[in-house]
Structures are given as structure tokens and as C-alpha cells.
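Subject: Model handover

Hello,

Here is the model I promised to pass on. Please open it alongside this note; my findings follow below.

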Amino acid sequence: MSDIEIIDATGSNSKLIYLIETQNYSDDLRELIKLIEENSSCVYDALSDGYTALHFAAWDGNTDVVKLLIEKGSKVDAKGLDGYTPFLLAAGNGHYSSTVILVENGADINHIVNSDEDQRGSSGTSAIRTAAINQEWDVVDYLISKNAKLDTLLEPCLGNWSKLRGTKT
């Protein structure tokens with residue numbers, strides 16, 4: 001792979017994010033490890049939307065990368081501008097192992113996001129709500145076992161579901 005420098009709208013170097021987002025690295029993670037060793041602060045880089053390398057690794061359920069980034073100091077509860085944390089992305093997408101790793105490393109299991117207009121209830125959405133809507137029952141069961149608050153499960157969705165189904169309102 002050639003040396004590249006990715007610059008986002010905030011001007012931060014986001015080569016680590018680029019490699020993880022595009023999954024453009026070897027299975028043994030040596031490119032990622034080398035990059036982090038050369039610039040340990042790169043684990044804190046964020047794109048203009050606030051997403052970090054850990055957001056993308058969690059979103060994809062890449063447990064080896066999630067572990068590596070946490071070990072190297074990534075912030076487990078880093079919030080994107082939309083309020084999403086790596087934990088919310090992992091749990092909502094049914095990535096059980098990544099969800100467990102993030103919880104074991106201090107992720108806030110009851111974090112509420114108010115930006116997801118299609119799935120949120122009156123108080124917002126949470127990891128357990130998103131996992132339930134997406135029918136990720138192993139994640140739901142795990143979050144219940146960790147005493148996740150269940151109140152967001154009782155709220156009706158506020159989104160425009162007719163838009164999603166392609167029908168008229």
C-alpha cells in the first residue's frame with residue numbers, strides 16, 4: 001500500500017480511520033499497529049462528523065481492531081456529532097462480541113441518542129432499543145443481563161414510517 005494522507009474537513013490526519021473504514025489492512029493488523037506506533041495520538045483522530053476509528057471498527061464488528069484500539073487508548077464513549085458512540089453502533093448492528101468488549105471497557109450502556117428520527121421514541125433511542133428494532137436478540141439479552149434500562153423499549157417510534165415503506169402519509 002502506498003503512503004497516503006487523508007485529510008478531512010477538520011484538517012486532521014485520518015489515515016487510521018481510512019484504513020479501518022475501508023478495511024484496507026492485513027488480517028494480522030500489522031499496518032494498523034505500525035501506524036499507531038508511529039503516531040500514538042492517531043487513535044483520537046475524528047472525521048468532521050466526529051466518528052473515530054473505533055466507531056468504524058465497532059460498526060463493522062471487527063473485534064480484533066476494537067480490542068487493539070481500546071488497548072492503544074481510544075475513547076470508548078467518543079460521540080459523533082449525531083450522538084452515536086462505538087457501543088451504540090456495535091450493539092445496534094448486532095455485533096455481539098464487539099458489544100461485550102466495549103461494555104467490559106466502560107461503555108455507557110444507557111446512553112441516549114436524540115438524532116435518529118426514524119427509530120427514536122419520545123426520549124430518544126438507546127442501544128437496546130436499536131438492537132430490538134433490528135431483532136438482534138443476543139445483544140438484547142446481553143444488555144438486559146447488564147441491567148440496561150428498558151424504558152425506551154416502551155415508547156412508540158416517532159419517525160415517518162410511511163416514508164420508509166414508500167406509502168403516502
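How much area does the protein chain expose, and what share of it do carbon and sulfur atoms supply? The exposed area is about 8900 Å², and carbon and sulfur atoms supply 47% of that. Please keep in mind that this is a predicted model.

Overall fold

The protein chain has nine helices and zero strands. Along the sequence the pattern reads α-α-α-α-α-α-α-α-α. The chain has 169 residues, and 47% of them count as buried. Now take the contacts with a separation of 6 or more. Residues 24 or more positions apart account for 63% of them.

Helix H6

H6 spans residues 96-104. Its buried residues are Ser-98, Thr-99, Val-100, Ile-101, Leu-102 and Val-103. The cover over these residues includes helix H3 (53-60), helix H4 (63-71), helix H5 (86-92) and H8. Just after H6, Gly-106 takes a positive phi of about 100°.

Ser-98 deserves a look of its own. Is Ser-98 buried or exposed? Ser-98 has a relative accessible area of 1%, so it counts as buried, the cut-off being under 20%. Leave aside residues up to four places away in sequence, and Ser-98 touches Gly-61, Asn-62, Thr-63, Val-66 and Ala-90.

Helix H4

H4 is part of the cover over H6's buried residues. In turn, H6 is part of the cover over the buried residues of H4. Those residues are Val-65, Val-66, Leu-68, Leu-69 and Ile-70. Helix H1 (15-21), helix H2 (30-38) and H3 also help to cover them. Val-66 appears among the buried residues of H4 and among the residues that Ser-98 touches. Just after H4, Gly-73 takes a positive phi of about 105°.

Surface patch

Which residues make the nonpolar surface patch? Ile-144, Leu-150 and Leu-153 make it, and its area is about 230 Å². Leu-150 sits in the loop between helix H8 (137-145) and helix H9 (161-165). Why does Leu-150 count as partly exposed? Its relative accessibility is 40%, and partly exposed means between 20% and 50%, so Leu-150 falls in that class.

To recap, Ser-98 in H6 is buried, whereas Leu-150 in the H8 to H9 loop is partly exposed.

Best wishes

Notes: Residues numbered from 1 in each chain as written. Predicted model: local features only at pLDDT ≥ 70, side-chain atom pairs only at ≥ 80, totals over all residues. Heavy atoms only, no water. Helix = DSSP H or I, 4+ residues; strand = E, 2+ residues; numbered from the N terminus. Buried < 20%, exposed > 50% of the residue type's maximum accessible area, 1.4 Å probe, protein only. Contact = heavy atoms within 4.5 Å. Areas by Shrake-Rupley, 256 points an atom, 1.4 Å probe, with all protein chains shown as cover. Patch = residues over 30% accessible without salt bridge, like charges linked within 9 Å, V, L, I, M, F, W, Y side chains within 5 Å. Salt bridge = Lys/Arg side-chain N within 4 Å of Asp/Glu carboxyl O.
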